[in-house]
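Dear colleague,

Please find below the structure that I am handing over to you. My notes on it follow directly after.

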Amino acid sequence: MSETKFRHSTARVPRLYKEAGKIVQKVREEGGSFKGLVFQSKQRSLLKSLYALVAETLRHGSELDALLRQTQILIKEPRLDPWLARVLITELVWRQRPLSGPAMPLKIVQSYKSQFLSEQNNLSINLPQAASRASRPRFIRINTLKASEDEVINFFLQEGWHLQTVEDVGTSEDKKYSHFLQKISSLSEREFIKDIHIPNLLVFPGNMEFYNIELYHTGSILLQDKASCMSAFLLNAPLGSTVLDMCAAPGMKTTHIAATLNNIGTIYAIEKHPARFDSLCQIVSQAEATCVKPICGSSLDFTHKDLPDVEYIIVDPTCSGTGMTSRKELFSDTEDVSKARLEKLAGFQCAILRHAMQNFPNVKRIVYSTCSLCPEENEAVMEEVLKSTPPNFKAIVPSNCTQWMKRGSNSYEQGDCGLYARPEVDLTNGFFVAVFERTENEYVLKEPIDLTQVEVGKEDLKKKKKKKDNKKATDEETVRAPEPVNPAFERMKRAMGNFNTALENGSANELNGDTIQESKSSKKSKKKKVDKEQETNEDFIPLEPCTEKKKKRKSHIDEEHLTETGNIHENNFTDSISKKKKKKKKSNELDEDADGDNIVAQDSIESAPVESISKKKKKKNKRNSE
């Protein structure tokens, strides 16, 4: 074969191939998760094709390395990207699709096709992988939200497929399951069969490609492994239930639950990573799962206050993926997961399962699942969570799957209640699932309380409260003990109250006249009352009389100002006494002042200089002597 010269070309390599090459490089060199990288890709419209191409390229990693060495294509074409070359060879050889297009990398790889096929037949590494892939069937779940089981079966029958049946081999479940495994491992090219455990699940030969089938593109059928279907199957939520999927992306289990509910109910689907959340929304929309409410965020941030009435929870957290058969084939040389990574994964798995048990008091059933075969992520998580949480839940063994799934290890507390699907036995991906049911209707507190101690505590609290109330009442009585009352001061307060009321209801002029007249008419009656109060109040000290000039100055009111403004400031208010009244009772003026009839407003007294009591007494004695 002649060498093809690599020339620059303005034609671009299709985005599907370029993106697939980048993902394959990150997986092989950095050890990233190819699923996560695919879902984080910006090529949303190519998601399904990208996933299939990357998975196929990684599956044949060892063979691709051998082909690159034998053909020396990277030496002859030094400018050809090695990871893009792997993707293009996979598309050409194993997916059997021609590389048509003007881009130079496509032309180069297409020119090596005959050499690739010749070297492939000589590779002994290809034989065991091909046999392993052919022996494992492909499972297809019917999306009953868009098509019924009969409609899908009729579609394949019209396309020339043949539906196989499982013969009656007796009542023994073990014999029946053994016969079923023989059937699905020996399906011919155009045969399929219904699964005997999961409703609406069909089994096809392992070499079948679904990417060109119309039902696949419309979302009527979904590629989902049988073991993965166990989560929704064991959750067994009835119609109208409220379900929480705490790690929802990519959405296969979420849409499966929606199908079992027939869109009657509510499913909260939470996904933290934005790229995976977009994939979740896309799959949910295509499946027409209208009861699903996608939420972008961390499940650990939500409780029953945010998502009320949650009755069923599915917890399918991030795991090592050691049960994925495609991953085991791809990375057989690095199959062992480091202890540090397992501890980190188990820590998160415990946290999210514990959160589900403690923060949703109405939950009846929780299903925990992983695609891992490591007990550190499975039975050990069960044991740790059940020990560190209140006894609200217990692990149970559903009777409808023990006929084919294997029990977990009894070296862990309640570990034998966990169930495994083993690839080498069940012809599925490796999978672990555990079911927890609430042990009682009421939510148990984290620290159970002794009821006898509660009653004793209540009595102590009552006594302390009563003692505190008595002390408070005694303090209030001490503070509020009655003090000697000055009748004159009380009268002044009443006068001020009348004045404020008049300001709100009428003019100041009306107040001035009415108040003064009332003061004149009732002076004598009030005087008698004050005399009695003075007799009973030994601590009362009467105000000293003022001189006539001082009295006139203090009692003066600017009537013209009142007429113009209609307002009197409280600090300048004082009782007015007419001149005629003063002349008639000039002889009794001092006595009246002593009896408290002529009271000067407190604020006015404070504004003018006040003489001391001793000086007032001296002046009074002088006047009396005169």
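In what follows, a residue is called buried when its relative accessible area is under 20%. Please bear in mind that this is a predicted model.

I begin with helix α6, residues 82-93. By the cut-off just given, 11 of the 12 residues of α6 are buried, so the helix is largely enclosed by the rest of the structure. Among them are W83, R86, E91 and V93. The length of α6 also agrees with expectation: at 1.5 Å a residue, its 12 residues should span 16 Å, and the C-alpha atoms at its ends are 16 Å apart. Where the helix starts, the backbone nitrogen of W83 has a side-chain oxygen of D81 within 3.0 Å.

The second point concerns Q224, which is placed in the loop between β5 (221-223) and α13 (230-235). Its relative accessibility is 3%, so Q224 counts as buried. The side chain of Q224 takes part in a polar contact of 2.6 Å with the side chain of R141, and in another, of 3.4 Å, with the side chain of S228. Apart from neighbours within four places in sequence, the residues in contact with Q224 include F139, L201, M252 and H256.

Finally, an unreviewed UniProt entry carries the annotation "active site" at C371. This residue, C371, is found in the loop between β10 (365-370) and α18 (379-388). Leaving aside neighbours within four places in sequence, C371 is in contact with C319, G321, T322, G323, M324, G430 and F431.

Yours sincerely

Methods
Residues numbered from 1 in each chain as written. Predicted model: local features only at pLDDT ≥ 70, side-chain atom pairs only at ≥ 80, totals over all residues. Heavy atoms only, no water. Helix = DSSP H or I, 4+ residues; strand = E, 2+ residues; numbered from the N terminus. Expected span 1.5 Å × (residues − 1). Buried < 20%, exposed > 50% of the residue type's maximum accessible area, 1.4 Å probe, protein only. Polar contact = N/O pair within 3.5 Å; in protein donor to acceptor, adjacent residues only side chain to side chain. UniProt positions renumbered as here; feature names shortened; annotations may be inferred. Contact = heavy atoms within 4.5 Å.
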